[in-house]
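Reader: I would like a close look at one open space in this model. Please start with what lines it, then work outward to what surrounds it.

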Amino acid sequence: MPPARSWRSYPQTYRLEAGRCTSCGAVYFPPRLICSQCKGREFETFSMKRTGKVLTHTVIRTPSAAFAGDAPFAVAIVEMDDGVRLTTQVVDADFEEIRIGLPVKLEFRRVYSEGDAGVINYGYKAVPVRS
Amino acid sequence: MAVGIIGYGAHIPRRRIKVEEIAKVWGADAPSYKRGLELREKSVPGLDEDTITLSVEAARNALLRAGIDAREIGCIYVGSESHPYAVKPSGATVAEAIGATPDCHCADFEFACKAGSEGMFVAHGLVKAGLVKYGMGIGADTSQGAPGDALEYSAAAGAAAFIMGSDEERLLATIDETHSFMTDTPDFWRREHQYYPMHGGRFTGEPAYFRTVTGAVKAILEKSNLQPADFKYAVFHQPNGKFPVRVGKMLGFQREQIDTGRLVPTLGNTYSGSSPLGLTAVLDVADPGDRVLMCSYGSGAGSDAFILTVKERIREARDRAPQTRWLLDENIRYVEYGEYAKLRRKIRLAE
């Protein structure tokens, strides 16, 4: 991925910035230009809470080349406490520990690197909430 | 105007490796290493963790305790000897991730293990000078020791972040005095493009660590007209378990003043994060009015010493983020040397 492309997504990958429709309150991550619920065009930007729960999950054993060194790894669709759903790796967890409904939080991690000389792409990954 | 810490946060990777696990690979005697280093295990970062990711998590925890808008932070300094890039600031990514950009001064610091306290020192100074409202100093490392070297038993990973400010109602601890002591002492180094550092063996002790730390602490005690008995806690740089206890004894501090902030037996040496993480563990339990001494040490060689007094607000702020002892003692997972070698990129892969 060219650096410019990952740079454009920093508000979402770094700060979980979502858009909330000022007309009907629908939340979008990443933000949209037109609300699919009410066709509104005004949104307020806010950083989502970093907590949610696993909606569904799987284990990737044959990844694309960029993630070959990470395999096997867990991927989940996480329903955030702010309502949106996103797809992310689940790390710092044994595979058998990951289950539907598992409370997770999103931590800042390396997502992938452009080899040893290219840019390092950072973003979010889910880790189980432990108290 | 009182200036001090208004927010602090720590982050430690979940994985650990025991001294026995490293020793058995190299045919070394684990009990003698454990005895010699007073160290049982150390933290190990994941493949997706580095100085930047650890710094971001520590900084987020510091913001939770400070309760401020990150855009009010006027400077961010990340001190480390394991910055992920040779050219590209770690601090810029940290600032972007916590929402402190764009009106923010930023630099990365290096001074072996005292790079973190340098960030704290400069952030404190800029707040005191009135140039910024709030300043953040972070110490973080994912340090490497050469396979089989004594350093491999201790080189660990972790981060601590501190937000400096002068709002009377936000202060968790005032910084009452600072002092830096620094000479050119070649006890530990890593040349450009070299993967592992080298060190001067026993030369790292008396003429380096002990002379520098005692020099800084004696000077700050004299400047402040205080005695070791005036402190509830003392935190020294902890490359192993023995050095902080021994230097404390040399200076007149008792073991009970040192143990709360001495995390190294189960954490390892987190380099730039070492004494700053010790300070976070002290702030997690200190009472208002307690006086704290912190003294870092960085090979090369220098020490930054701070005298702090804990304020009443510590009681309500400390539970807003995970406490350091919890990060250290709970939620941990042990790895064997093979996984450790993979995670620390010690295995040569096909091009």
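Author: The model is predicted. Start with the second largest pocket. Its lining counts 45 residues. Nearest its centre lie A:Arg50, B:Glu57, B:Arg60, B:Asn61 and B:Leu64.

The volume of this pocket is about 1100 Å³. By class, its lining holds 19 nonpolar residues, nine polar ones and 17 charged ones.

Now the elements. From chain A, β7 and β8 each supply at least two lining residues. From chain B, α3 (51-66), α4 (90-98) and α12 (324-329) each do so too. The top contributor is α3(B), with five residues.

Next, the closed spaces. A search of the whole structure gives two cavities of 30 Å³ or more.

Take the second largest cavity, at about 30 Å³. Two residues named at the pocket centre, A:Arg50 and B:Arg60, also line this cavity. Chain A adds A:Thr13, A:Tyr14, A:Leu16, A:Leu106, A:Glu107, A:Phe108 and A:Tyr124. Strand β7 (residues 103-113) of chain A gives the most to this lining, with three residues. The classes split into five nonpolar, one polar and three charged. Both domains of chain A take part: domain 1 (1-48) and domain 2 (49-131) each give at least three residues to the lining.

The largest cavity holds about 40 Å³ of space. A:Tyr14, already named in the second largest cavity, lines the largest cavity too. Its other lining residues from chain A are A:Ser6, A:Tyr10, A:Val119, A:Ile120, A:Asn121 and A:Tyr122. Chain B brings B:Tyr85, B:Lys88 and B:Thr93. Strand β8 (residues 120-128) of chain A gives the most here, with three residues. Six of the lining residues are nonpolar, three are polar and one is charged.

Now the interface between the chains. In chain A, 22 residues are in contact with 23 residues of chain B. The two chains bury about 2000 Å² between them. Carbon and sulfur atoms carry 47% of that area. On the chain A side, A:Phe108, A:Arg110 and A:Arg130 lose the most area to chain B. Together these three make up 28% of what that side buries. A:Phe108 is also one of the residues lining the second largest cavity.

Charge pairing shows up across this interface. The rule finds eight salt bridges between chain A and chain B. A:Arg109 forms a salt bridge with B:Asp48. Their closest N and O atoms are 3.1 Å apart.

Last, the inside of chain A. The domain assignment gives domain 1 (1-48) and domain 2 (49-131). Their contact takes 13 residues from domain 1 and 15 residues from domain 2. The C-alpha centres of the two domains lie 20 Å apart. Between them the domains bury about 1100 Å², with 65% of it on carbon and sulfur atoms. The salt bridge count between these domains is zero, whereas the interface of chain A and chain B has eight.

Back to the pocket. A:Arg50 and B:Arg60 are among the residues nearest its centre, and both also line the second largest cavity. Strand β7 of chain A supplies at least two residues of the pocket lining and gives the most to the lining of that cavity.

Conventions. Residues are numbered from 1 along each chain as its sequence is written. Chains are lettered from A and ligands numbered from 1 in the order in which they are written. This is a predicted model: local features need pLDDT of at least 70, side-chain atom pairs count only at pLDDT 80 or more; totals for chains, interfaces and linings use all residues. Side-chain values use heavy atoms; hydrogens and water are left out. On a 1 Å grid over the protein atoms alone, a cavity is a set of points where a 1.4 Å probe fits but cannot get out, and a pocket is an open set with protein on both sides within 12 Å along at least five of seven lines; lining residues have an atom within 4 Å of a point. Grid points are joined across faces, edges and corners, and a volume is the space filled by probe spheres set on the points. Helices (H or I, at least four residues) and strands (E, at least two) are DSSP runs, numbered from the N terminus. Ala, Val, Leu, Ile, Met, Phe, Trp, Tyr, Cys and Pro count as nonpolar, Asp, Glu, Lys and Arg as charged, and the others, Gly among them, as polar. Domain bounds come from an automatic or database domain assignment. Contact means heavy atoms within 4.5 Å. Buried area is the accessible area (1.4 Å probe) that two parts lose on being put together, summed over both. A salt bridge is a side-chain nitrogen of Lys or Arg within 4 Å of a carboxyl oxygen of Asp or Glu.
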